[in-house]
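Got the model open in your viewer? Let's walk through it one selection at a time.

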Amino acid sequence: MLSQRGLGQVAAHRNWFQSSLLLLLGAYFIIRELTDGVLLSNSSTPAVSRTSSHVGGLCDDLLDGFDRRFDEMRAARQNETATINLDHIGQGSWFDIFEPEAACFTDERFGSKTRTGRYGAVGDGPKFLCGVDHLANKAARLAEKGADERCLVYSIGSNNDVSFERAVHDFMPGCEVHTFDPTLRKAFVGDEYATFHDWGLGKDGESAAHRGKSWTAKGLETIMQELGHTNRTIDILKVDCEGCEYETLPPVFDAMVAGNVQIGQLQVEMHIGGRGVRDIHDFFAAADRATLRIFHKERNHWGCAGYNTHGGNV
């Protein structure tokens, strides 16, 4: 999804990215900066200067036009949702109204399991990312400056599948990557690519359990504080935690509304097990309040023998 000013804030630069959605589906939301067609960093000095005020004005007009269209698409979906009797929607259609409402010009499926190359990400596991080269360039620029901060990636949920972390390592070198999973039964296998924490994202202090493992959850703000990341932007927040998204992400959205957390893009796999249509709509309402915009969506038909309803594939 994109931020409220999906292509930015009316200021020196355009803030542009907020990420996506997976259901046994995939949803993606985005925010990052776009100026004159070039993705830029969030620094106060653009990496690429405008060549003239005329070109800058044309760029502003173009971005404003996209912004208005993205807002109109989200508003249309919200208005349509308000007229729907949720109790009359069949399970196979619960996610149908949540379609991409913003465009990322550089999105790609990312995270190959076989390491056959950047564009070999097929099958279950990879996620759609926006602006891979932008983030790689950001990491390189910060490294050249000797900056303490780097591009920052949080991966929530692992099950010891580190293909995503490995792809970040290979194609966005210099990014700082942290993986979180309190349910692993074996040692984490991705130490070469990420720093591992056996923490569970959630509401601070709440008890949680999954697959016979139990833990005390930590809120995102607490995690960032403990890792020394307060006031930093999480450039990529990838969440695949087998249903925990409904409890763990709305507080993150609230923190974004309050201005306490900044997230570049969010990739989340959403699950139906044990949930109802109102849980899904409440989730997206919370994302709307955080001014996120959906930029990509895919059904995950690999897990659980595909998503089935009434004996048929949807």
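Start by selecting N159: at 56% relative accessibility this residue counts as exposed (exposed is over 50% relative accessible area, buried under 20%, partly exposed in between, using a 1.4 Å probe and protein chains only). N159 sits in the loop between β6 and α3; helices here are DSSP runs of H or I with at least four residues, strands are runs of E with at least two, and both are numbered from the N terminus. Check the backbone while you're there: phi of N159 is near 55°, a positive value in a residue other than glycine. Most residues other than glycine have a negative phi.

Before going further, some housekeeping. This is a predicted model, so local features need pLDDT of at least 70 and side-chain atom pairs count only at pLDDT 80 or more, while totals for chains, interfaces and linings use all residues. Residues are numbered from 1 along each chain as its sequence is written, and side-chain values use heavy atoms, with hydrogens and water left out.

Now jump to N231, in the loop between α4 (220-226) and β11. Phi of N231 is near 75°, again a positive value in a residue other than glycine. N231 is exposed too, with a relative accessible area of 72%.

**Colour by confidence**

pLDDT is the predictor's confidence in each residue, from 0 to 100. The protein has a mean of 78, and 77% of its residues reach 70 or more. Select residues 1-25 and you'll find pLDDT under 50 throughout, although the model has 172 contacts beyond four places in sequence for this stretch; contact means heavy atoms within 4.5 Å. Residues 30-52 also stay under 50, with 87 contacts beyond four places in sequence.

**Zoom out**

Show everything as a cartoon: there are six helices and 15 strands. Of the 314 residues, 53% count as buried. Among contacts between residues at least 6 apart in sequence, 68% join residues at least 24 apart. Switch on the surface, and the accessible area comes to about 14000 Å², of which 49% belongs to carbon and sulfur atoms; that area comes from the Shrake-Rupley method with a 1.4 Å probe.

**Helix α3**

Next, select residues 163-171, which make up α3. Which residues of this helix are buried? They are S163, F164, E165, R166, A167 and V168. Add β4 (107-110), β5 (127-130), β6 (152-156), β7 (176-180) and β11 (233-239) to the selection, and you have the strands that the buried residues of α3 pack against.

**Helix α1**

Go to D67, which is found in α1 (residues 53-83). Is D67 buried or exposed? D67 is buried, with a relative accessible area of 1%. Draw a distance from its C-alpha to that of A102: these atoms are separated by 8.5 Å, with the two residues 35 apart along the chain.

**The α5/α6 pair**

Two packed helices are described by the angle between their axes and the distance between the axes. Select α5 (residues 245-257) and α6 (residues 277-289), which pack at an angle of about 20° with their axes 8 Å apart. The axes are lines fitted to C-alpha atoms, for helices over the stretch in contact, and angles run from 0 to 180 degrees between N-to-C directions. The two helices are therefore roughly parallel to each other, a label for angles under 35 degrees. Side chains next: E245, Y246, L249, P250, F253 and V257 in α5 meet D279, I280, F283, A286, A287 and R289 in α6.

Stay on V257 in helix α5. Leaving out residues up to four places away in sequence, V257 touches R289 and A290. The C-alpha atoms of V257 and D288 are separated by 9.9 Å, with their positions 31 residues apart along the chain.

**Last stop: K203**

Finish at K203, in the loop between β8 (195-197) and β9 (207-210). K203 is partly exposed, with a relative accessible area of 43%. Not counting residues up to four places away in sequence, K203 touches A217, G219, E247 and P251. One more distance to draw: K203 and P250 are 9.9 Å apart, C-alpha to C-alpha, and 47 residues apart in sequence.

Terms used. Parallel < 35°, antiparallel > 145°, perpendicular 65-115°, else oblique.
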